[in-house]
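Here is a quick tour for anyone who likes to have the model open while reading. Keep the viewer handy and follow along.

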Amino acid sequence: METPQTIHTPLTLEELKKRHKAVRNINIEHREKLSMLEKWAVWITEKVGTMGFFLIIFTWTILWLAWNMFAPVAIRFDPYPAFVLWLFISNMIQIFLMPLIMVGQNLQGRHSEARAEADFDVNTKAEEEIETILQHLENQNELILKILNQLNKVAPGEK
């Protein structure tokens, strides 16, 4: 006689669905939690950190310097070699942008952490589902082997 084996009963599909919360769209959740100032900081960070912005500043600087070096002396507004006004304006731009960029980077970092957490949740859920599927397959293998053993016992007796 066969000894009874303990067969691990895998979770049913309904049980799996009950155990897991719905997958969240972390991008939407993150956007909804931002205040208007935070949205503005992220927008500035995204726009300032582009090649387009760099080219605008670079072009503006070249035009500013060229105008004040080569334009008629009477219409120069920040004459060579000092460029004091340009230094003041460029420093003010940097002073104002630096904290805004840092705030935007912090917000983007929090968003990245939230996405990583959501990815972890999805991966954990997928791992549990895969384990359940593997358990189902193992149980099916055991049942198939039992059926084959019974068929093999019956088949020699028929001859």
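How much space lies in the largest pocket? About 180 Å³. Bear in mind that this is a predicted model, so every value here is computed from it.

**The pocket**

If you want to find the largest pocket on screen, pick out Lys21, Ala22, Asp121, Val122 and Lys125, which lie nearest its centre. They are among the 11 residues that line the largest pocket. Helix H5 gives the most to that lining, with 5 residues. Sorted by class, the lining has 5 charged, 4 nonpolar and 2 polar residues.

**The overall build**

Zooming out, the protein has 5 helices and 0 strands. Reading from the N terminus, the elements go α-α-α-α-α. Of its 159 residues, 17% count as buried. The accessible surface comes to about 12,900 Å², and 66% of that belongs to carbon and sulfur atoms. As for contacts between residues at least 6 apart in sequence, 68% of them join residues at least 24 apart.

**The aromatic cluster**

Now for the rings. A search of the whole structure turns up 4 aromatic pairs. Two that involve Trp64 are set out here:

| Pair | Geometry | Centre to centre | Angle between planes |
|---|---|---|---|
| Trp64 and Phe77 | edge-to-face | 4.9 Å | 90 degrees |
| Trp64 and Trp86 | tilted | 5.2 Å | 45 degrees |

Where do the partners of the edge-to-face pair sit in the chain? Trp64 is in helix H4 (residues 51-70), while Phe77 is in the loop between H4 and helix H5 (84-158), 13 residues apart. The pair therefore counts as a link between distant parts of the chain. That link is between the H4 residue Trp64 and the loop residue Phe77.

Why does the tilted pair tie together separate parts of the sequence? Trp64 lies in helix H4 and Trp86 in helix H5, so the pair joins parts that are 22 residues apart in sequence.

Are these residues buried or exposed? Trp64 and Trp86 are both buried. Trp64 has a relative accessible area of 8%, so it falls under the 20% cut-off for buried. Phe77 is partly exposed, with a relative accessible area of 44%, because that value lies between the 20% and 50% limits.

Taken together, Trp60, Trp64, Phe77 and Trp86 form one aromatic cluster. To see it in the viewer, show those four side chains and start from Trp64, which pairs with Phe77 and with Trp86.

Methods
Residues are numbered from 1 along each chain as its sequence is written. This is a predicted model: local features need pLDDT of at least 70, side-chain atom pairs count only at pLDDT 80 or more; totals for chains, interfaces and linings use all residues. Side-chain values use heavy atoms; hydrogens and water are left out. Rings of Phe, Tyr and Trp (its six-membered ring) pair if their centres lie within 6.5 Å; planes under 30 degrees apart count as stacked, over 60 as edge-to-face and the rest as tilted. Helices (H or I, at least four residues) and strands (E, at least two) are DSSP runs, numbered from the N terminus. Buried means under 20% relative accessible area, exposed over 50%, partly exposed in between (1.4 Å probe, protein chains only). On a 1 Å grid over the protein atoms alone, a cavity is a set of points where a 1.4 Å probe fits but cannot get out, and a pocket is an open set with protein on both sides within 12 Å along at least five of seven lines; lining residues have an atom within 4 Å of a point. Grid points are joined across faces, edges and corners, and a volume is the space filled by probe spheres set on the points. Ala, Val, Leu, Ile, Met, Phe, Trp, Tyr, Cys and Pro count as nonpolar, Asp, Glu, Lys and Arg as charged, and the others, Gly among them, as polar. Contact means heavy atoms within 4.5 Å. Accessible areas come from the Shrake-Rupley method with a 1.4 Å probe; for residues, only the protein chains shown count as cover.
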